[in-house]
Amino acid sequence: QGVEGAFSHIVLKKLFPRAKAVACPAWSGVFEEVESGRAAFGVLPFENSHAGDVAAVLDLCYAHKNICVTAVYDLPVRQNLLGLPGAKLSDIRLVYSHPQAIAQSDRFLKSLSLPAQSCANTALAAKQVAESGDVSLAAIASAETAALYGLTVLAADINSDGDNTTRFIVIGTALPPRGDRFSLLFTVEHKVGMLARVIQAIGAPGYKMERIKSPPQPGEPMQNYFYVELVGSTDTDATRALLDELSGVCDTLRLLGVYTRSAGEERE
């Protein structure tokens with residue numbers, strides 16, 4: 001999702017250096033391209049170490065039953081304030097960026113009392129500033145994007161969290177045969193103790209649960225679905241037994257992802 005220079009595009013180039021990249025205006029478009037077979041894989045942001053979940057992407061994973069997660073990639077991100085050549089920091093009156101980048105840079109923006117306006121992604125914000133010709137406008141994006149759109153870095157490393165990492169997922173239509181982690185989506189009956197039974201089933205054989213999320217279930221008022229990420233391989237008798245046990249406890253259960261986590265090099 002996004003235009004050339006967006007962080008998703010940077011990750012795509014790292015993971016698929018010889019692939020043809022296709023840009024989509026919205027995250028839902030990435031799912032549709034992969035589900036239809038027009039694209040082999042899709043690359044999407046999933047969560048950030050400072051700003052938290054990209055909730056809409058998890059909801060799309062839940063909604064698209066034929067989509068699975070085939071890889072996870074952690075990218076250290078350095079946000080920068082970009083302006084037109086010749087612009088000074090004191091000239092800036094309005095900042096454009098993606099809501100996640102704005103949240104990641106909130107301390108810097110508040111220190112200068114700079115208002116921010118949301119865009120679909122960071123690279124599109126940079127493109128918009130470049131085409132505006134207005135020295136009072138700036139964008140929060142990567143230094144690579146600055147070079148791409150002829151902008152200058154007015155302030156570097158403005159993200160509030162020095163260890164600012166964004167986790168990206170790769171989506172496809174077929175699960176890999178193995179990995180060192182797997183993720184599940186499930187729902188349970190809305191009764192006391194049902195979630196505890198799931199957690200007990202996961203913990204009893206010694207699986208490490210690295211995260212659990214409980215977003216609202218789309219179209220079901222006051223109901224939630226659950227996402228868990230577990231350390232382990234799916235091609236073992238223990239995991240097959242776990243999935244079999246959980247299928248008897250959960251209302252719905254889906255093996256969403258099988259992957260080996262990889263960390264990226266730091267990019268400006």
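In this predicted model, the largest pocket holds about 440 Å³ of space. A set of 23 residues lines this pocket, and the ones closest to its centre are Leu12, Lys20, Ala21, Val22 and Phe41. As for where the lining comes from, α1 (7–15), α2 (27–36) and β1 (42–48) each chip in with at least two residues. Sorted by character, the lining of the largest pocket comes out as 14 nonpolar residues, five polar ones and four charged ones.

Then there are the cavities. The count comes to two cavities of 30 Å³ or more. The bigger of the pair, the largest cavity, has about 230 Å³ of space, and 19 residues line it. Closest to its centre sit Phe7, Pro45, His98, Gln100 and Phe168. At least two lining residues come from each of α1, β1, α4 (99–104) and β9. The mix of residues around the largest cavity is eight nonpolar, ten polar and one charged.

The second largest cavity has about 60 Å³ of space. Its lining is made up of Phe46, Cys61, Val69, Val72, Arg167, Ile169, Ser183, Tyr227, Glu229, Leu256 and Tyr259. Here β3, β9, β12 (226–231) and β13 (252–259) each give at least two residues to the lining. Eight of the lining residues of the second largest cavity are nonpolar, one is polar and two are charged.

One strand, β9 (165–172), turns up in the lining of the largest cavity and again in that of the second largest cavity. How much of β9 is covered? Eight of its eight residues are buried. In a regular strand, side chains alternate between the two faces of the sheet. In β9, Thr165, Arg167, Ile169 and Ile171 point one way, while Thr166, Phe168, Val170 and Gly172 point the other way. Among the residues pointing the first way, Arg167 and Ile169 help line the second largest cavity. Phe168, which points the other way, is one of the residues closest to the centre of the largest cavity.

Strand β9 also has partners. It runs antiparallel to β1, with six bridges joining the two, and Gly42 has Ile171 of β9 as its bridge partner. Strand β3 (68–76) runs antiparallel to β9 as well, this time with eight bridges; in that pairing, Asp74 is matched with Arg167.

Helix α1 is another element worth following. Phe7, Ser8, His9, Ile10, Val11 and Leu12 are its buried residues. They pack against β1, β3, α6 (122–132), α7 (143–149) and β9. Two of these buried residues have come up already: Leu12 is among the residues closest to the centre of the largest pocket, and Phe7 is among those closest to the centre of the largest cavity.

Just before α1 comes the segment that holds Gln1. Is Gln1 buried or exposed? Gln1 counts as buried because its relative accessible area is 14%, which is under the 20% cut-off. Its neighbours in contact, leaving out residues up to four places away in sequence, are Ala6, Ser8, Cys24, Pro25, Ala26, Trp27, Val30, Val43, Ala120 and Asn121. Two of these residues also make polar contacts with the side chain of Gln1: the backbone oxygen of Pro25 lies 3.4 Å from one of its polar atoms, and the backbone oxygen of Ala120 is reached at 3.4 Å.

Conventions:
Residues numbered from 1 in each chain as written. Predicted model: local features only at pLDDT ≥ 70, side-chain atom pairs only at ≥ 80, totals over all residues. Heavy atoms only, no water. Helix = DSSP H or I, 4+ residues; strand = E, 2+ residues; numbered from the N terminus. Buried < 20%, exposed > 50% of the residue type's maximum accessible area, 1.4 Å probe, protein only. Polar contact = N/O pair within 3.5 Å; in protein donor to acceptor, adjacent residues only side chain to side chain. Contact = heavy atoms within 4.5 Å. 1 Å grid on protein atoms, 1.4 Å probe; cavity = no way out; pocket = protein on both sides within 12 Å on 5 of 7 lines; lining within 4 Å. Points joined across faces, edges and corners; volume = space filled by probe spheres on them. Nonpolar A, V, L, I, M, F, W, Y, C, P; charged D, E, K, R; others polar. Pairing = 2+ DSSP bridges.
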